[in-house]
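Me: I have a structure to look at, and I would like to understand the words people use for it. Could you go through them with me?

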Amino acid sequence: MINNDKIRYFFICIAILFSSREVLNFGMGTEFYMFGMIAFLLLGLASILFIFKKWILRIMAIFLCLISITFLILSVDEYFYIQKDGFTMNEFSSLGKHFFIPWDKIEEIQYVYKANENSPLRIRLNLIDGSTYTIPFNGFTANMKNMLRDYVAPHGGKLVDVDEE
């Protein structure tokens, strides 16, 4: 069974890959878990197929390994990190293209809660130009509420709590 400490250490290892003195917080989306799980299940199945001596099963195992590598690459495609001068985001659908959102372009940061619950579901960034970006809530984003408020407020933005519609 995987506990929260093991997951936290795994995130720290991934964050080291993106480490910089400018990075204040780092997080990944839910697709990371989903595609990572599929990749490791396929790798397990491929390793079982490699046991057998038949060449068809071994070709299937190689094919499963290639699919697994694809899922592993896709699993690390959605991430975000917060810097002193703004957000850097890479959405899952962007396929590797990341973009930067400076603090002065953020009109409002919403912590979206489910009605009558204390734990946020997601963080929504509402930009001045009307566009919206959503960050899935996880353990790393839990501790950054005050930090976000401190960075967005001097630039005219605000941080608010809202209930899910």
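Reply: Happily; here are some questions about cores and strands, with the reasons behind each answer. This is a predicted model, where local features need pLDDT of at least 70 and side-chain atom pairs count only at pLDDT 80 or more, while totals for chains, interfaces and linings use all residues. Residues are numbered from 1 along each chain as its sequence is written, and side-chain values use heavy atoms, leaving out hydrogens and water.

Me: What makes a set of residues a nonpolar core?

Reply: The set must consist of buried Ala, Val, Leu, Ile, Met, Phe, Trp, Tyr and Cys residues joined through side-chain atoms within 4.5 Å. Buried means under 20% relative accessible area, with exposed over 50% and partly exposed in between (1.4 Å probe, protein chains only). The largest such core here has 19 residues, and Phe87, Ile106, Ile109, Leu125 and Leu148 touch the most other members. A second, separate core of 5 residues includes Leu42, Ala46, Ala61 and Leu64.

Me: Why is E3 called largely enclosed?

Reply: E3 is a strand covering 86-90; strands are DSSP runs of E, at least two residues, numbered from the N terminus. Since 5 of its 5 residues are buried, E3 is largely enclosed by the rest of the structure.

Me: How do you know that E2 and E3 pair?

Reply: Two strands pair if DSSP finds at least two bridges between them. E2 and E3 have 5 bridges, in the antiparallel sense, so they meet that definition. One of the bridges joins tyrosine 81 to threonine 88 in E3.

Me: Which residue in E4 stands opposite phenylalanine 87?

Reply: That is isoleucine 101. E3 and E4 (residues 99-102) pair in the antiparallel sense over 4 bridges.
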